[in-house]
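Here are my notes on the model you sent over. I've put them as numbered points so you can go through them with the viewer open.

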Amino acid sequence: MKKLFFLSILVFLAMNFGCKSTKEVEINESKDEKTAQDFPRGKAFEVCLESNPTTGFSWECVIFDESVATLSAQKYEQFDAGKDIDGVGGIERFVFLCKKEGETQVVFTYRRPWKGGETATIRTALLKVDSNLNGTIDFIGQ
């Protein structure tokens, strides 16, 4: 019963208080020093949303105009909670690569892709890329 209560609280927090921090990700354009976060051209930035895949839910992202920006990486990182702790949530990180100046709508959906595709939260955002290929994202209505 305690686990169910704990999971319910984590899902509520993830749905209502997901981190919407953005930070620019440094791009290394040297072909000799490629890493997992290197991109061919443009600048990248990151959006973080709280998540708890132990509930079966995870975030999906749809970008309406991929000529402005594309999703380059998506990674889940669990919060540090020590050993033998079930149901611990974490952060899903989305790395966007800015390709050209412009704006596009992005929809983040927190859903369970199995068992009928139950959706818990939908968050809509406006992704803006300036002439220097710096990207920002603003969540609409939140």
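1. Where in the chain is confidence lowest, and where is it highest? This is a predicted model, and the low end is helix 1 (residues 2–16), with a mean pLDDT of 38. At the high end sits strand 6, at 95. Over the chain as a whole the mean pLDDT is 75, with 68% of the residues at 70 or more.

2. Go easy on the start of the chain. Residues 1–40 stay under 50 in pLDDT. The model does have 65 contacts beyond four places in sequence for this stretch. Where pLDDT is low, though, the predicted coordinates should not be read in detail.

3. Now the overall layout. The chain holds one helix and eight strands, and from the N terminus on the order of elements is α-β-β-β-β-β-β-β-β. Among contacts with a separation of 6 or more, 64% join residues 24 or more positions apart. Of the 142 residues in the chain, 38% are buried.

4. Have a look at the open sheet of four strands. Its order is 3-6-7-8, and the pairing is antiparallel. Strand 3 (58–63) and strand 8 (135–139) are at the edges with a single partner strand each, so one side of each has no neighbour in the sheet. From one strand to the next, the twist averages 25°.

5. Strand 6 (residues 102–111) is a good one to follow through this sheet. With strand 7 (residues 119–129) it pairs in the antiparallel sense over 10 bridges, and Val107 stands opposite Thr124 of strand 7. Strand 3 pairs with strand 6 over six bridges, again antiparallel; there, Glu60 has Thr109 in strand 6 as its bridge partner. Seven of the 10 residues of strand 6 are buried, so the rest of the structure largely encloses this strand.

6. Strand 2 pairs with strand 5. The two run antiparallel and are joined by nine bridges, with Lys43 standing opposite Cys98 in strand 5. How much of strand 2 is buried? Seven of its nine residues are, so strand 2 is largely enclosed by the rest of the structure.

7. What about the nonpolar core? The largest one has 20 residues, and those touching the most other members are Phe96, Val106, Phe108, Leu127 and Ile137. At least two residues of this core come from each of strand 2 (43–51), strand 3, strand 5 (90–98), strand 6, strand 7 and strand 8.

8. A word on the cysteines, in case you were wondering about crosslinks. How many disulfides does a search of the whole structure find? The answer is zero. As for exposure, Cys61 has 18% relative accessibility, and because buried means under 20%, Cys61 counts as buried. Cys98 is buried too, with a relative accessible area of 0%.

9. Last, a loop residue. Thr54 lies in the loop between strand 2 and strand 3. Is Thr54 buried or exposed? Its relative accessibility is 51%, and because the cut-off for exposed is over 50%, Thr54 counts as exposed. Thr54 and Gly89 are 35 residues apart in sequence, while their C-alpha atoms are 7.5 Å apart in space.

Technical notes
Residues are numbered from 1 along each chain as its sequence is written. This is a predicted model: local features need pLDDT of at least 70, side-chain atom pairs count only at pLDDT 80 or more; totals for chains, interfaces and linings use all residues. Side-chain values use heavy atoms; hydrogens and water are left out. Two strands pair if DSSP finds at least two bridges between them. Axes are lines fitted to C-alpha atoms, for helices over the stretch in contact, and angles run from 0 to 180 degrees between N-to-C directions. A disulfide is a pair of cysteine sulfur atoms within 2.5 Å. Buried means under 20% relative accessible area, exposed over 50%, partly exposed in between (1.4 Å probe, protein chains only). A nonpolar core is a set of buried Ala, Val, Leu, Ile, Met, Phe, Trp, Tyr and Cys residues joined through side-chain atoms within 4.5 Å. pLDDT is the predictor's confidence in each residue, from 0 to 100. Contact means heavy atoms within 4.5 Å.
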